[in-house]
Amino acid sequence: MKKFTQVYINGQFITPHGTEVFDLINPTNNQKTGEVVLGDEIDTRAAIAAAKAAFPAFAQTTKAERIAYLEALGEAVSKREEALVQVMVEEYGSSLAFCKMSVGFTINSFRSTINTLKDFDFEKPVGHSKLRLEPVGVVGIITPWNASNGFICHKLATAIAAGCTTVIKPSELSAGQTQLIMECFHEAGIPAGVINIVNGLGGVVGAEITRHPDVAKISFTGSTAVGKMIAKSAVDTMKRVTLELGGKSPNIILDDADFATVIPQAVFGAYMNNGQACIAPTRLLVPADRLQEVNNIAAAAAAQVKVGNPMDESTNVGPMVNQKQYQRVQDYIRLGQSEGATLLAGGEGKPEGLEAGNFVKATIFTNVRNDMRIAQEEIFGPVLSIIPYHSEEEAIAIANDTTYGLAAYISSADQQRAERVASRIAAGRICINKFTHDPAAPFGGFKQSGIGREYGVYGLEAYLEPKAILG
Ligand code: NAD
């Protein structure tokens with residue numbers, strides 16, 4: 001049984017004032033694997049005070065010093081790569097293959113931030129004046145469970161590049177990853193107070209960070225519902241906010257695409273990270289006159305999806321993070337049937353032999369109408385909706401008919417045609433013909449998928465205040 005009993009404040013591992021204990025459950029078998037002691041408001045205030053005290057000196061560090069800190073952090077995290085992958089799989093059940101890729105991105109976030117920082121000018125002319133870009137202050141970093149170490153590392157890397165100090169509140173479901181990350185950060189030898197980490201509940205530690213007057217900015221990744229609460233509370237102290245929220249991303253298959261390639265890719269893509277991915281392409285838009293062909297290919301692809309033990313190299317889809325998430329996905333599968341969508345693959349219940357964990361069958365609905373709730377709401381599980389369209393115009397209209405706007409995907413044999421369609425889609429990131437990532441390109445959502453951008457120059461600028469010096 002693992003016990004996580006410390007928080008990290010002012011360069012030290014300390015026993016928190018908070019005493020509430022939260023059980024850690026392995027989603028593959030629902031066995032208890034450990035406990036974490038949660039911090040409270042008093043711990044949070046101590047962390048904020050440490051970050052505030054460290055800020056004046058850290059804000060004055062040079063670019064070269066910040067690059068050296070980022071290098072040390074990247075090195076410390078990369079030494080624990082294997083352990084991070086293992087704990088990530090155990091803690092929330094994503095497949096080994098996905099976790100390896102995700103931890104690779106985590107480590108690379110320090111290198112890509114260094115690349116951005118190297119070419120970034122903190123002082124430049126504007127008009128006949130001088131512009132200085134100054135670190136915003138203490139940053140509160142609040143992250144979800146679905147790629148915990150990655151979110152923490154890229155947000156922290158950006159804060160360090162900007163010269164900001166931080167208070168980090170990871171998801172309470174990610175205590176094992178948090179412990180490892182804390183040890184890495186400590187080993188990297190960053191000045192005391194620059195990084196503070198408090199385990200705790202959102203409504204306690206997260207809420208205190210959000211309302212505290214000494215926190216200048218919140219960088220949040222999580223659900224749209226919580227993002228709205230944070231934005232409302234943050235405005236009282238006029239905090240800057242970067243909100244990375246939910247999505248219901250369209251995947252438009254144009255009629256000239258190679259269906260035999262792109263439809264299986266679309267099915268496997270929708271199930272990335274067990275379907276628990278904000279950017280998952282969960283609405284598959286296909287030409288209505290080829291629906292039968294699409295259904296045949298998609299059903300065959302779903303039959304190839306291996307749901308099972310996430311530690312197994314060949315597994316595509318592991319269990320949902322907890323029983324609550326499993327129930328939520330089941331509710332949506334029932335809802336899809338009652339709304340009149342046609343169940344093409346999967347369905348309610350657990351796959352045979354996997355009854356002990358939170359496993360969901362790889363599920364596809366077809367003949368889905370975009371106004372159905374399964375097409376409008378974020379399910380966060382391996383459930384794909386196939387939606388037929390009658391013209392390119394209608395495909396664009398359906399793609400945009402959502403409150404979200406995080407990502408979109410387009411497949412076509414004609415790059416220019418795909419880019420023309422991309423120019424009309426309201427989403428922050430659009431992938432053409434493949435699922436890919438670019439850490440230099442901005443990431444973030446239109447509409448209710450968020451506010452602001454992360455990564456690259458746009459991400460760094462979000463941690464800086466422009467100051468114009470005239471005369
Ligand atoms: P969540 O919103 O429930 O929780 C996210 C974090 O916020 C957790 O640390 C939680 O403890 C904290 N929190 C909860 N209530 C709070 C409050 N009142 N004040 C401050 N903090 C609070 O999300 P989750 O279930 O952990 O993650 C899944 C969600 O995250 C999905 O909606 C998904 O789309 C979204 N997400 C978005 C992105 C993106 O980059 N846009 C990436 C990954 C996940």
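This is a chat about how the ligand sits in a predicted model.

Colleague: How is the protein divided?
Modeller: There are two domains: domain 1 (2-245 + 447-469) and domain 2 (250-432). Their centres, taken over C-alpha atoms, are separated by 31 Å.

Colleague: And how many residues of each are in contact?
Modeller: On the domain 1 side 25 residues, and on the domain 2 side 31. About 2,300 Å² is buried between the two domains, with carbon and sulfur atoms giving 53% of that area. Of the area that domain 1 buries against domain 2, Thr28, Trp145 and Lys447 supply 23%, more than any other three residues.

Colleague: Now the ligand. Where does it lie relative to the domains?
Modeller: Between domain 1 and domain 2, because both give residues to the shell around the ligand.

Colleague: Which residues come nearest?
Modeller: Thr143, Ser223, Leu245, Cys278 and Glu378, out of 28 around the ligand. By class, the shell has 15 nonpolar, nine polar and four charged residues.

Colleague: Which helices and strands supply at least two residues of that shell?
Modeller: Among them are helix H7 (202-211), strand E11 (217-221) and helix H8 (224-234).

Colleague: What about polar atoms close to the ligand's oxygen atoms?
Modeller: Trp145 has a polar side-chain atom 3.0 Å from a ligand oxygen. Lys169 also places a polar side-chain atom 3.0 Å from an oxygen atom of the ligand.

Colleague: And what lies 2.6 Å from a nitrogen atom of the ligand?
Modeller: A backbone N or O atom of Leu245.

Colleague: How much of the ligand does the protein cover?
Modeller: On its own the ligand has 850 Å² of accessible area, and the protein covers 87% of that.

Key:
Residues are numbered from 1 along each chain as its sequence is written. This is a predicted model: local features need pLDDT of at least 70, side-chain atom pairs count only at pLDDT 80 or more; totals for chains, interfaces and linings use all residues. Side-chain values use heavy atoms; hydrogens and water are left out. A residue is near a molecule or strand if one of its heavy atoms lies within 4 Å of it. A polar contact is a pair of N or O atoms within 3.5 Å; within protein, one must be able to donate a hydrogen and the other to accept it, and residues adjacent in sequence count only if both atoms are side-chain atoms. Accessible areas come from the Shrake-Rupley method with a 1.4 Å probe; for residues, only the protein chains shown count as cover. Helices (H or I, at least four residues) and strands (E, at least two) are DSSP runs, numbered from the N terminus. Ala, Val, Leu, Ile, Met, Phe, Trp, Tyr, Cys and Pro count as nonpolar, Asp, Glu, Lys and Arg as charged, and the others, Gly among them, as polar. Domain bounds come from an automatic or database domain assignment. Contact means heavy atoms within 4.5 Å. Buried area is the accessible area (1.4 Å probe) that two parts lose on being put together, summed over both.
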